[in-house]
Amino acid sequence: DAKAEGRGVHRFYRDALLEGAQNRKRLEDDLRHALKSGQFYLTYQPVVSTADERIVGYEALLRWEHPERGSISPAEFVPVAEECGLIEAIGEWVLRTAVAEAATWPQHVRVAVNVSPIQFANPALPGIVTSAIAAAGLPADRLELEITEGVFLNEDASSDQMFRALKGIGVRLALDDFGTGYSSLGYLKKAPFDKIKIDQSFVRGAIEPGSRNAAIIKAIVSLADTLDMETTAEGVEQQDEIALIRELGCSHIQGFVYGRPERCAVVFEQLDRAGGWAEPIGFKTSR
Ligand code: C2E
Ligand code: MG
Ligand code: MG
Ligand code: MG
């Protein structure tokens with residue numbers, strides 16, 4: 001009857017919720033062990049100058065090789081690490097590892113590291129950055145920190161202070177995933193970014209005739225030029241998108257068309273091959 005059916009539905013949702021909570025708890029427990037068991041590693045994706053197709057740097061992207069589940073995406077575990085307070089330790093490991101590996105690359109090649117808004121809110125961050133680059137012997141301007149619009153959620157005097165402290169060290173700052181967040185332009189005026197990274201959702205389909213995305217990219221580039229900031233188009237996959245991005249005036253391109261995120265050893269091969277010039281490879285789903 002209807003009553004029994006109602007109870008069944010209720011039990012179904014209760015079990016689903018419980019299972020969700022248990023999976024989540026397991027993920028948290030596994031995350032706690034991942035760092036000390038060496039399950040994390042970094043991959044690097046090339047960032048290419050639009051003007052001459054030279055590789056100017058790499059973005060460090062975190063990977064977790066889970067003993068049972070295999071590779072887990074940062075899109076899944078970074079938010080969990082942020083909520084359970086593990087992102088600070090993981091983020092420090094990322095920073096130290098990335099600058100140490102980058103210190104072995106040719107001197108003109110930079111490294112970009114993603115910084116969580118939680119790390120950004122911690123007054124210890126400038127000290128950690130200073131100590132990491134000193135330990136690695138990496139000049140400060142070869143490190144770029146990528147920050148998302150999330151840091152402006154709790155905009156206050158301490159975020160101004162953090163920007164000043166980081167610029168004081170001499171590292172570069174990039175605004176990541178631009179256009180997907182709170183889209184207040186007020187902070188662009190105050191925050192000392194060296195680069196705006198245009199989110200891949202704007203690059204997607206920009207090549208289609210009459211696409212509004214192309215117009216949006218053009219407007220972002222014009223804004224960035226006025227503010228004396230560089231622009232990276234993220235998520236460029238097709239060879240024919242390169243010409244469009246160049247035409248729209250973006251100074252840099254990052255995407256599968258020039259290379260997927262790969263381990264540090266592959267970075268050496270890439271930089272050796274063709275003397276640091278990138279080769280567009282096109283994006284094949286069946287790779
Ligand atoms: P993000 O910083 O915007 O990084 C770019 C993402 O786009 C990466 O995903 C990269 O693999 C992907 N990508 C690059 N080119 C293409 C392309 O041509 N097509 C498509 N479809 N995707 C492309 P990934 O590595 O899965 O990372 C996802 C997000 O996880 C990052 O987005 C970043 O927000 C976060 N993340 C990654 N590593 C770290 C880290 O060390 N610390 C923190 N706090 N967050 C991280
Ligand atoms: Mg990034
Ligand atoms: Mg991004
Ligand atoms: Mg992203």
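**View 1. Ligand 1 and its polar partners in the predicted model.** A polar side-chain atom of Gln45 sits 3.0 Å from one of the nitrogen atoms of ligand 1. The protein buries 82% of the 810 Å² that ligand 1 exposes when taken alone. Glu237 joins in through its side chain, with an N or O atom 2.7 Å from a nitrogen of ligand 1. Phe256 uses its backbone instead: an N or O atom there is 2.9 Å from a ligand 1 oxygen. Altogether 21 residues surround ligand 1, with Arg63, Asn114, Asp176, Glu237 and Phe256 the closest.

**View 2. The magnesium ion (ligand 3) and its protein donors.** Here you'll find Asp176 (OD), Asp177 (OD) and Glu234, the last giving two OE entries, at 2.0 to 2.5 Å from the ion. Along the sequence, these donor residues follow the spacing D-D-x56-E. Asp177 belongs to strand β6 (residues 172–178) and Glu234 to strand β8 (residues 230–234), so this pair, 57 residues apart, links distant parts of the chain. Asp177 counts as partly exposed because its relative accessibility is 26%, while Glu234, at 10%, counts as buried.

**View 3. Asp176 between two magnesium ions.** Asp176 bridges ligand 3 and ligand 2, both magnesium ions, which lie 4.1 Å apart.

**View 4. Leu145 in the largest nonpolar core.** This core has 78 residues, and Leu145 is one of those touching the most other members, along with Tyr44, Trp105, Leu143, Phe193 and Ile217. Helix α3 (residues 87–102) supplies the largest share of the core, seven residues. Skipping neighbours within four places in sequence, the contacts of Leu145 include Leu95, Val113, Val115, Val129, Leu166 and Arg172.

Key: Residues numbered from 1 in each chain as written. Chains lettered and ligands numbered in written order. Predicted model: local features only at pLDDT ≥ 70, side-chain atom pairs only at ≥ 80, totals over all residues. Heavy atoms only, no water. Core = buried A, V, L, I, M, F, W, Y, C linked by side-chain atoms within 4.5 Å. Buried < 20%, exposed > 50% of the residue type's maximum accessible area, 1.4 Å probe, protein only. Helix = DSSP H or I, 4+ residues; strand = E, 2+ residues; numbered from the N terminus. Contact = heavy atoms within 4.5 Å. Donors = N, O, S within 2.8 Å, 3.2 Å for Na, K, Ca; no water. Near = heavy atom within 4 Å. Polar contact = N/O pair within 3.5 Å; in protein donor to acceptor, adjacent residues only side chain to side chain. Areas by Shrake-Rupley, 256 points an atom, 1.4 Å probe, with all protein chains shown as cover.
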